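I opened the notebook to record what I looked up. The entries follow in the order in which I made them.

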There are 2 protein chains.
Amino acid sequence: MENWFGEKQTDDVMLSMKYDRILFHKKSKYQMIDLIENKTYGKVLFIDNTFQLTERDEFIYHEMLAHIALFSIERPKKVLIIGGGDGGLARECLKHDIDDLKLVEIDEDVVNVSKKFLPSLSVSFNDSKMKIFIDDGAEFIKNSNEKFDAVLIDSTDPVGPAAVLFETEFYNNIKKILNNGGIVGTQSGSPFMFPEHLKKAYGNMRKIFNFVKVYTATIPTYPGAIWSFTFASSNDIIRKREVNVKTKYYNEKIHDCNCNPKFIDDIVQ
Amino acid sequence: MENWFGEKQTDDVMLSMKYDRILFHKKSKYQMIDLIENKTYGKVLFIDNTFQLTERDEFIYHEMLAHIALFSIERPKKVLIIGGGDGGLARECLKHDIDDLKLVEIDEDVVNVSKKFLPSLSVSFNDSKMKIFIDDGAEFIKNSNEKFDAVLIDSTDPVGPAAVLFETEFYNNIKKILNNGGIVGTQSGSPFMFPEHLKKAYGNMRKIFNFVKVYTATIPTYPGAIWSFTFASSNDIIRKREVNVKTKYYNEKIHDCNCNPKFIDDIVQ
């Protein structure tokens, strides 16, 4: 008898993976957390039965969210991550010469499961520049007196608890804690499967910021696989520095290309 | 009791879709052909239990294979398609001002299933510029006395019957039937899941042609989702004309960007 764990991307489309045993299963205060190990993808983290990350393809998501923002800033020194309790996005940020990285994760169990099972991501927790807060990201930002060069939002999709992270009020509060030339970046969902997610993130950012740019990358384990990331700033978002970090997906050409599939241009026009 | 039809992308990863009934199921002379209808993706064609196309995402594959090649030619007049019996690639080619389109499909049943169930693809069969041959593509090319501006290979992967379409001998025979400045283009598999497929196509084309270029696109229903296309010519492959066709994925920026994820640059370096 084989065990398969999967995500129903829609009512009638499912991506599933075989596993020997469930390494972790817990209904945390906020969500259901599951971790399996799969031969093809390595360890796979599910939140509320949706793919959160796999060891094999997480580099794509984390590199694209971190480096598009940080290479568009001349000297990023202070970075704030909302969500991202697995540590993968932090790992990419720490490849830059920053002074200070704060991560605000609402669910302590995500941090703990990563510490225990995902060393290639949670390695970032050992960095002395990093500080983790177990807190509500929207509240943290509202109450913050600090300013940041980049705020990166590594959240679940804008349905359920993370919906507030795609609202104008949230983006407005971020604007207040951004340094001059600072950038906010967020994952903005699957433009192929759920174009309304990108429309919402993009539309609301446009209300608050002068410059908004959408990038895409392929995340094999996410619904529709074409994934969108939206970045906003009071300045134009262009690469300001040579790429001097080791990556597997992101590179200068991808940063500079400014090319999205036609149907995505149509969503955000 | 629900019915699900899927593809095992590897031994332990599966993408599956729910359907009400199987619209077509036949072991043809060459392969197993299945057609289902799914609420999210529309009609879905499987060959030997692998996703061949879906009505919802086929535009990506067909646009990227057709237009990168044809917009890199100043006046493409004669085009040859190997495979592609569903008619989708032909539909995209016919958006160009060509005189003559030949399509060589080995399996008549693929043509017939498309005629009956996939009108948005097989619409191309009604075009008077198009001629379909039920024949072995490799043999057709070996024996051809005609010359073409573009040869496009819309095949299954280089395992099993289509393996010969990724060999040096085949590319060499194509070179002989290409006009000056002519281009050959092929799908070259999933660089994320099966990098050896791209390595083979690219490596063998490099032995025969001076200029070889790899493009990628996201095909949500294919293994690994990041898909590669490899184009070769005796001339440099750059866009020669303004994009004047209606598309949903392909556009000028994508054609001109020359940007692949780092791990794909590493495969073809």
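Through which surface do the copies meet? I found that 100% of the interface residues of chain A are also interface residues in chain B, so the copies meet through the same surface.

I noted that this is a predicted model, in which local features need pLDDT of at least 70, side-chain atom pairs count only at pLDDT 80 or more, and totals for chains, interfaces and linings use all residues. Residues are numbered from 1 along each chain as its sequence is written, while chains are lettered from A and ligands numbered from 1 in the order in which they are written.

Next I looked up the superposition (least squares on the C-alpha atoms of residues with pLDDT of at least 70 in both copies). A turn of 180 degrees and a shift of 0.0 Å along the axis lay chain A on chain B with an RMSD of 0.0 Å. The two copies are thus related as by a two-fold rotation axis. In chain A, the C-alpha of A:L15 is nearest the axis, 2.2 Å from it.

I met A:L15 again in β2(A), as the bridge partner of A:E7. Strands here are DSSP runs of E with at least two residues, and helices are runs of H or I with at least four, numbered from the N terminus. Strand β1 (residues 3-10) of chain A and strand β2 (residues 13-19) of chain A run antiparallel and are joined by seven bridges; two strands pair if DSSP finds at least two bridges between them. A hairpin of two residues connects β1(A) to β2(A).

Definitions and conventions:
Contact = placed C-beta atoms within 7 Å.
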